[in-house]
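Here's a quick tour of one structure, strand by strand and helix by helix. Have a look at it first, then read on.

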Amino acid sequence: MNQTAPYPNDPRVRVDADHLLQLGPRSQALSLLPRQPARSILNGRHASRLRGRGLNFEELRGYLPGDDIRTIDWKVTARTGKPHVRVYTEERDRPALLLVDQRISMFFGTEVYMKSVIAAEAAAISAHRILGQGDRVGGLVFSDTDVAEHRPQRRAAALTRFLSSIGTANSCLHAGLTPQPTVFLNDMLFEATRITQTSGLICLFSDCDGLNERSENLLRQLAFSNDLIVFNVADPTATALAPNLKMTVSDGSEQIEIDGSEPELSDKIRKSMEDRLAQLHTWSRRYGFPVVPLTTSEPALDQLLRLFGHRGGRR
């Protein structure tokens, strides 16, 4: 399904802002807050749980019966000779930055959807829920040559502009596209470190094409001071090529013929994808961020509902 000409208005191939806006009411069961259903992948066996909003220092006052002893300021207590505690209040909201990959590598799908569509829908669903839970939402929507930056805001109009950027980038993808890439995944990870300093939520929606040694340091920085979630979008061919599969794929500058009946080629593709995923999961365990696996074989909303522990996700 890597040719779009026969399906110009097919939402499996291409989505627009109106479609992304309509996902809001259907996604209300989801949450990106720390409290998650027991089966949610965001509880994670290896990755740390979401930390949620940060705390603002409110005041320093004398200790009162019932105060948590963990809030005692021992330096002030020692200086004054009387116990004092530091009082904090939860931040009213926090910034969320969504990195939405719409590069030519995402314009691929062998079953139902393009990877670019799954990334767009998952990002839109997340953006709806983040705004719905009272936090600011913005993002970086990037292709091979362009970046649309949206600073986090808590306004419906800002969400609409963000979703419009996703729809625009998605609509520009087509099988004949031959860009000379000037925007790379590490560039977007670096920009995320610049925009969101601490106590934010950062979500990456991508096939993670382009991860390398530099990526590890950038992901580490992001996960150290923020809640980082990587939504890894993959096609079923990432694990196995169907024996009868024959297709032409391109990276925008070169193309090759793929024949699933050739064992050597199939093994090389599978190993390359497995190595990339293994590296990502190694970093996930090392730096404590969850990896949410998404596939092109079913709707993004159904997958997210199931992965986040809700019964609404169809199997």
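A residue counts as buried when its relative accessible area is under 20%, and as exposed when that value is over 50%, with partly exposed in between. Keep in mind that this is a predicted model.

## Cysteines

With that cut-off, Cys208 is buried, since its relative accessible area is just 1%. Cys172 comes out at 45% relative accessibility, so this one is partly exposed.

How many disulfides does the structure hold? The count is zero. For reference, a disulfide is a covalent bond between the sulfur atoms of two cysteines.

## Strand 7 and its neighbours

Strand 7 covers residues 227-234, and seven of its eight residues are buried, so the rest of the structure largely encloses this strand.

Which strands pair with strand 7? One is strand 6 (residues 201-206), running parallel to strand 7 over six bridges; here Ile202 has Leu228 of strand 7 as its bridge partner. Another is strand 10 (residues 291-295), also in the parallel sense, with five bridges to strand 7. In that pairing, Ala234 sits opposite Thr295 of strand 10.

Helix 6 (residues 213-225) joins the picture too: together with strand 6 and strand 7, helix 6 makes a β-α-β unit, and the unit is right-handed.

## A helix crossing

Now for helix 3 (residues 115-132) and helix 8 (residues 300-307). Their axes come within 9 Å and cross at roughly 55°. That angle makes helix 3 and helix 8 oblique to each other, and their crossing is right-handed.

Methods: Residues numbered from 1 in each chain as written. Predicted model: local features only at pLDDT ≥ 70, side-chain atom pairs only at ≥ 80, totals over all residues. Heavy atoms only, no water. Buried < 20%, exposed > 50% of the residue type's maximum accessible area, 1.4 Å probe, protein only. Helix = DSSP H or I, 4+ residues; strand = E, 2+ residues; numbered from the N terminus. Pairing = 2+ DSSP bridges. Right-handed = clockwise from strand over helix to strand, strands pointing away. Disulfide = S-S within 2.5 Å. Axes fitted to C-alpha atoms, helices over the stretch in contact; angles between N-to-C directions. Parallel < 35°, antiparallel > 145°, perpendicular 65-115°, else oblique. Left-handed = near helix turned anticlockwise from the far one by under 90°.
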